[in-house]
Amino acid sequence: MATELKVQHVTENSFDIARQQLRAACEALNLPSGVYEILKEPARVYVVSIPVKMDSGEVKTFIGYRAQHTDVTGPTKGGIRFHPNVTLDEVKALSMWMTMKCNLVGLPYGGGKGGVVVNPKKLSQRELEQLSRGYIRAIVDAIGPDRDIPAPDVYTNAQVMGWMMDEYSKLAGCCSPGVITGKPLAVGGSLGRNEATARGCVFTVREAAAKLGLDLSQATAIIQGFGNAGSVAARLLNELGVTIVGVSDSQGAVYNPAGLDPYALAEHKAATGSVKGFAGGTDVDGDGLLEMPCDILVPAALENVITAGNAERIQARIVAEAANGPTTPEADEILFRRGVTVIPDILANAGGVTVSYFEWVQNRMHFYWTEEEVNQRLERMMVEAFCKTYEMSREKQVNMRLAAYMVSLDRIAKAMAARGWI
Ligand code: NAD
């Protein structure tokens, strides 16, 4: 694994952006003021310190966060991110976006999110396991299958979820697979979970392309980020006939107008730690890649990468936000004005939490579905969420992001009213 991680300097505050989006949707729906008042802050936030005995024998302390945005529609749900740039505001924003996402798809959850300030690429496997277990010990009272259910996010994976589920189960005194999703199959993971975020994203791209009359077999795509979401999106788009012309990761980017083979690229990344240096393409600048010609742009890395600074130069017809928060509000307006269809994060990447929900349901029933069943149910829910969002955007003449928030907030406001909160 590569040890160098390019640290992205995020200038925009994601939590301010999330609040702006929330306020705009509350106003557009003319909701009682109590809805914004309750949702503008997470209901609970935990800040913990996690001491880890490193391989050298020295003890190092890492800072971890968990935000539970609202449980108005069910237990809170959301991933855990290990990244050196994690901040409390970022985790709060991500927890709010999870609330919006779960309710857009109609899942019985509120939003949550966690993060640890760490560069996991600099840890040994043993240190990573100790950190993962330490994080769970620190927040054990805050989580549970009916309380708050974590999942993977940037730089955490099924193995990390397996360690976390084990630590929680030991502390709870019983095997508790439903406390966390995205687990390895051997301990109650769901078939299809690994591919779910990208698969859901590709369903929304397919629907958007049909609305725009874009023939996917003639279309090209650029993907930023080649991790769980990005690498699988490349493969699935390729299966639909889309030519993948550019891909980047934290170390660099490759481009080939004739097409990159996503399988060979994945092998190259597994062998070298990066997409750069891939023989089937030419190395290019990662930031510049976003502005190169393509029909479909899939940001699948981190926040705030499409900004007022580059939105005018984006050439894609569809931006499918596999990542959370990749587009700033200013950039959103520019893209909308230029007629670019943005499939917003809370819709485009909702496949991950949807199959996490399926995993949780299967854990609770102790009855497991085939991959085909998982994918069919996922497709149905993603297409329904896309259609509701698209219809709202048409009816109210607003962009897809605002429309998605409106669909979601309508559900949340009804739940608040039913519980007597507003
Ligand atoms: P991951 O850790 O598997 O992959 C992240 C990828 O982004 C890596 O390839 C990394 O090299 C790349 N990257 C990091 N900084 C970059 C930069 N500056 N430029 C280009 N590439 C960069 O993470 P993931 O799970 O694929 O998550 C990616 C995004 O998708 C995040 O925004 C995450 O919140 C979102 N998401 C993931 C899931 C999921 O189920 N995994 C679900 C919903 C949303």
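In strand S7, the residue that Ile223 has as its bridge partner is Val247. That pair is a handy way into this structure, which is a predicted model. Let's start from there and work outwards.

**The sheet around Ile223 and Val247**

Strand S6 covers residues 220–224 and strand S7 covers residues 243–249; the two run parallel and are joined by 5 bridges. If you're new to sheets, keep in mind that strands pair through backbone hydrogen bonds, either parallel or antiparallel.

S6 and S7 belong to an open sheet of 7 strands, and its order is S9-S8-S7-S6-S10-S11-S12. Read that order slowly, and you'll see S6 sitting between S7 and S10. The pairing in this sheet is mixed. What happens at the edges? Strand S9 (282–284) and strand S12 (341–343) stand there, and each has a single partner strand, so one side of each is left without a neighbour in the sheet. Going from one strand to the next, the twist averages 20°.

**The other sheet**

There's also an open sheet of 5 strands, again with mixed pairing, ordered S1-S2-S4-S3-S5. Notice that S4 comes before S3 in that order. Its edge strands are S1 (44–53) and S5 (148–152), each of which pairs on one side only. On average, neighbouring strands here are turned by 25° against each other, ignoring direction.

Zoom in on strand S3 (residues 76–83) and strand S4 (residues 110–117): they pair in the parallel sense over 6 bridges. Which residue of S4 stands opposite Ile80? That's Gly114.

Helix H3 (residues 88–105) lies across S1, S2 (59–68), S3 and S4. Measured against S4, if you follow the directions of both, H3 runs at about 150°.

**Two domains**

Now step back a little. The protein chain is divided into domain 1, which spans 41–175, and domain 2, which spans 196–348. Taken over C-alpha atoms, the centres of the two domains are separated by 27 Å. The contact between them takes 13 residues from domain 1 and 10 residues from domain 2.

**Helices packing on H14**

Next up is helix H14 (residues 400–418), with three helices to look at against it. Two packed helices are described by the angle between their axes and the distance between the axes. Here are the pairs side by side:

| Helix pair | Angle between axes | Axis distance |
|---|---|---|
| H13 and H14 | roughly 110° | within 8 Å |
| H3 and H14 | about 85° | 8 Å |
| H1 and H14 | about 70° | 9 Å |

Take H13 (residues 371–396) and H14, whose axes cross at roughly 110°. That angle makes H13 roughly perpendicular to H14. The crossing is right-handed. On the H13 side, the contact includes Phe386, Tyr390 and Met392, while the H14 side includes Met400, Ala403 and Val407. Sorted by class, this contact has 8 nonpolar, 2 polar and 3 charged residues.

H3 turns up again here, packing against H14 at an angle of about 85°. That makes H3 roughly perpendicular to H14. Among the residues making the contact are Trp97, Met100 and Leu104 of H3, along with Ala404, Tyr405 and Ile412 of H14. This contact has 9 nonpolar, 3 polar and 1 charged residues.

Finally, there's H1 (residues 14–29), which packs against H14 at an angle of about 70°. H1 and H14 are therefore roughly perpendicular to each other. Their crossing is right-handed. From H1, the contact includes Leu22, Cys26 and Leu29, and from H14 it includes Leu402, Tyr405 and Leu409. How do the residues of this contact divide by class? They split into 10 nonpolar, 1 polar and 2 charged.

One residue is worth finding in the 3D view: Tyr405 of H14 is part of the contact with H3, and Tyr405 also takes part in the contact with H1.

Technical notes. Residues numbered from 1 in each chain as written. Predicted model: local features only at pLDDT ≥ 70, side-chain atom pairs only at ≥ 80, totals over all residues. Heavy atoms only, no water. Axes fitted to C-alpha atoms, helices over the stretch in contact; angles between N-to-C directions. Helix = DSSP H or I, 4+ residues; strand = E, 2+ residues; numbered from the N terminus. Parallel < 35°, antiparallel > 145°, perpendicular 65-115°, else oblique. Left-handed = near helix turned anticlockwise from the far one by under 90°. Contact = heavy atoms within 4.5 Å. Nonpolar A, V, L, I, M, F, W, Y, C, P; charged D, E, K, R; others polar. Pairing = 2+ DSSP bridges. Domains from an automatic or database assignment.
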